[in-house]
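Here are my notes on this one, jotted down as numbered points. Have a look at the structure first, then read on.

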Amino acid sequence: MKEILEKLWTEYLAEECAQMDTDEERKLTENTGSLHEKVNALLGKEEREALEKYVDAIYDMEALFVKKAFFKGCEFTLSFLLEAGTFGD
């Protein structure tokens, strides 16, 4: 089952979830970009590089947790449906 979820995640959901569909998402993205520019203007080259590495590490960690939550949600849904008898009997 993990292989199926992995394929679903990499070939479909990651792309679909990355699309900005709402004004709130667009506003947050714009705000993030603006703040990034302001911070970069305040920092020297070495500090900017360190900050970029830190931000990349946060993104990687967050992506891992989102993927894990997706897998756990799918596993829960399947076990719930099986226990509820939706597919059984």
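1. Let's start with E25, which is partly exposed because its relative accessibility is 32%. E25 sits in helix α2, and it belongs to a surface patch of negative charge together with E15, E16, D21 and E24. Two helices feed that patch: α1 (2–18) and α2 (23–42) each contribute at least two of its residues.

2. A word on confidence, as this is a predicted model. The protein's mean pLDDT is 88, and 94% of the residues reach at least 70. Of its elements, α2 has the highest mean, 94, while α1 has the lowest, 80. As a general caution, predicted coordinates should not be read in detail where pLDDT is low.

3. Now the salt bridges: the structure has 2 of them. In one, the side chains of K67 and E6 come together at 2.5 Å, N to O. K67 belongs to helix α3 (residues 45–84) and E6 to helix α1, so this pair ties together parts that lie 61 residues apart in sequence.

4. Are the partners in that bridge buried or exposed? Neither word quite fits: K67 is partly exposed, with 23% relative accessible area, and E6 is partly exposed too, at 28%. For K67, the cut-off matters here, because buried means under 20%.

5. The other bridge I'd point to joins the side chains of R26 and D23, at 3.4 Å from N to O. R26 and D23 are both in helix α2, 3 residues apart, or about one turn of the helix. How exposed is each partner, then? R26 is partly exposed, with a relative accessible area of 34%, whereas D23 counts as exposed, at 61%.

6. Don't skip the nonpolar side of things. Y54, I58, M61 and F65 make up a nonpolar patch on the surface, and together they have about 410 Å² of accessible area. Y54 is located in helix α3, the helix that also holds K67. With 52% relative accessible area, Y54 is exposed, since the cut-off for that word is over 50%.

7. To pull the picture together, follow the helices. Helix α1 supplies at least two residues of the negative patch and carries E6, the partner of K67 in α3. Helix α2 also supplies at least two residues of that patch, and both R26 and D23 lie in it. Helix α3 is where to find Y54, one of the residues in the nonpolar patch.

Methods: Residues are numbered from 1 along each chain as its sequence is written. Side-chain values use heavy atoms; hydrogens and water are left out. Patches are made of residues with over 30% relative accessible area and no salt bridge: like charges are joined within 9 Å, nonpolar side chains (Val, Leu, Ile, Met, Phe, Trp, Tyr) within 5 Å. Accessible areas come from the Shrake-Rupley method with a 1.4 Å probe; for residues, only the protein chains shown count as cover. A salt bridge is a side-chain nitrogen of Lys or Arg within 4 Å of a carboxyl oxygen of Asp or Glu. Lys and Arg count as positive and Asp and Glu as negative; His and the chain ends are not counted. The place of a charge is taken as NZ of Lys, CZ of Arg, CG of Asp or CD of Glu. Helices (H or I, at least four residues) and strands (E, at least two) are DSSP runs, numbered from the N terminus. Buried means under 20% relative accessible area, exposed over 50%, partly exposed in between (1.4 Å probe, protein chains only). pLDDT is the predictor's confidence in each residue, from 0 to 100.
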